[in-house]
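Colleague: Got a few minutes to walk me through this one? Let's get it up on the screen first.

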Amino acid sequence: MPADTFVTKLNEQIGNEFAAHQQYVACAVYYDAETLPQLARFFYRQALEERDHAMMMVQYLIDADADVVIPGVAAPQPSFGDIVEPVTLALEQEKRVTEQINGLAATAREAGDYTSEQFMQWFIKEQVEEVATMSDLLRVVERSKDDPMEIENFMAREHPGGESEDPTAPHPAGSA
Ligand SMILES: [Fe+2]
Ligand SMILES: [Fe+2]
């Protein structure tokens, strides 16, 4: 059985990941309304990744025979002043999640729950990538905010989607 302190925190993190999902859907909808389909597509896809993170945590708890309590989430920020703001918010969110993930690994270690600490390793690596991706994107949108087509071209070129599956990723509950 995973440590109780870890289980409590991981259930909270499931809520944080679902909240990130909702926030990224809100960002995608904003870009869709601004007719920036490449940015919209990027955020719709990021949203799905956040959902997967939540469901990976659900699967871990199920496999470990621990309690899963699916939490409600606070409403996301629904509107934005300009096309830079959603990316600024996304980068802050990813930095915050990185701290949460590191905190989860620390909680597991302190409890001597090395299986759970090991489970968090993939998320630690994932956060490094997500913070790097959002920092890059923030630089691009800040530089080109007066020329959104420049950003759209960048997204189409650098984030075309259809990224290959990561075979080391934990299994999300309910997925094939
Ligand atoms: Fe996540
Ligand atoms: Fe993320």
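**Two irons and the chain around them**

Colleague: Which residue bridges the iron ion (ligand 2) and the iron ion (ligand 1)?

Modeller: Those two ions lie 3.4 Å apart. Keep in mind that this is a predicted model, where local features need pLDDT of at least 70 and side-chain atom pairs pLDDT 80 or more, while totals for chains, interfaces and linings use all residues. Residues are numbered from 1 along each chain as its sequence is written, chains are lettered from A and ligands numbered from 1 in written order, and side-chain values use heavy atoms, without hydrogens and water. The bridge between the two ions is glutamate 50.

Colleague: OK, start with the iron ion (ligand 1): at what distance is it coordinated?

Modeller: Donors here are N, O and S atoms within 2.8 Å of the metal (3.2 Å for Na, K and Ca), and sites may look incomplete because water is not among the atoms. For the iron ion (ligand 1), the coordinating residues are Glu17 (OE), Glu50 (OE) and His53 (ND1). The distance is 2.1 Å.

Colleague: How many residues apart are glutamate 17 and histidine 53?

Modeller: The iron ion (ligand 1) has its donor residues spaced E-x32-E-x2-H in sequence. That pair links distant parts of the chain, with glutamate 17 in helix 1 (residues 4-33) and histidine 53 in helix 2 (residues 37-63). Helices are DSSP runs of H or I, at least four residues, and strands are runs of E, at least two, numbered from the N terminus. The gap between glutamate 17 and histidine 53 is 36 residues.

Colleague: Are glutamate 17 and histidine 53 buried or exposed?

Modeller: Buried means under 20% relative accessible area, exposed over 50%, and partly exposed in between, with a 1.4 Å probe and protein chains only. Glutamate 17 has 1%, and histidine 53 has 2%. With those values, glutamate 17 and histidine 53 both count as buried.

Colleague: Over to the iron ion (ligand 2): what geometry does its site have?

Modeller: Glu50 (OE), Glu94 (OE), Glu94 (OE) and Glu130 (OE) coordinate the iron ion (ligand 2) at 1.7 to 2.5 Å. The angles among its 4 donor atoms run from 54 to 143°. Four donors are tetrahedral if all angles lie between 85 and 135 degrees; four are square planar and six octahedral if opposite donors are over 155 degrees apart and all others between 65 and 115; anything else is irregular. So the label for this site is irregular.

Colleague: Where in the chain does glutamate 94 sit?

Modeller: The donor residues of the iron ion (ligand 2) follow the spacing E-x43-E-x35-E. Glutamate 50, in helix 2, pairs up with glutamate 94, 44 residues apart, and the pair links distant parts of the chain. Glutamate 50 is buried, and so is glutamate 94. As for its place, glutamate 94 is in helix 3.

Colleague: Valine 131 caught my eye. Which residues is valine 131 in contact with, leaving aside neighbours within four places in sequence?

Modeller: Valine 131 is found in helix 4, and at 18% relative accessible area it is buried. From its C-alpha to that of glutamine 77, 54 residues apart along the chain, the separation is 20 Å. Contact means heavy atoms within 4.5 Å. On that basis, valine 131 meets Leu91, Glu94, Lys95 and Thr98.

Colleague: And histidine 159, what does it touch, not counting residues up to four places away in sequence?

Modeller: Histidine 159 lies in the segment after helix 5 (148-158). Its relative accessible area is 17%, so it is buried. The residues it touches are Arg41, Phe42, Arg45, Thr133 and Phe154.

Colleague: Now the backbone: what is the phi of threonine 35?

Modeller: Most residues other than glycine have a negative phi. Threonine 35, in the loop between helix 1 and helix 2, has a positive one. This threonine 35 is exposed, at 58% relative accessible area. Its phi is near 55°.

Colleague: What about aspartate 65, what is its phi?

Modeller: Aspartate 65 sits in the loop between helix 2 and helix 3. At 65% relative accessibility, aspartate 65 is exposed. Although aspartate 65 is not a glycine, its phi is positive, at about 60°.
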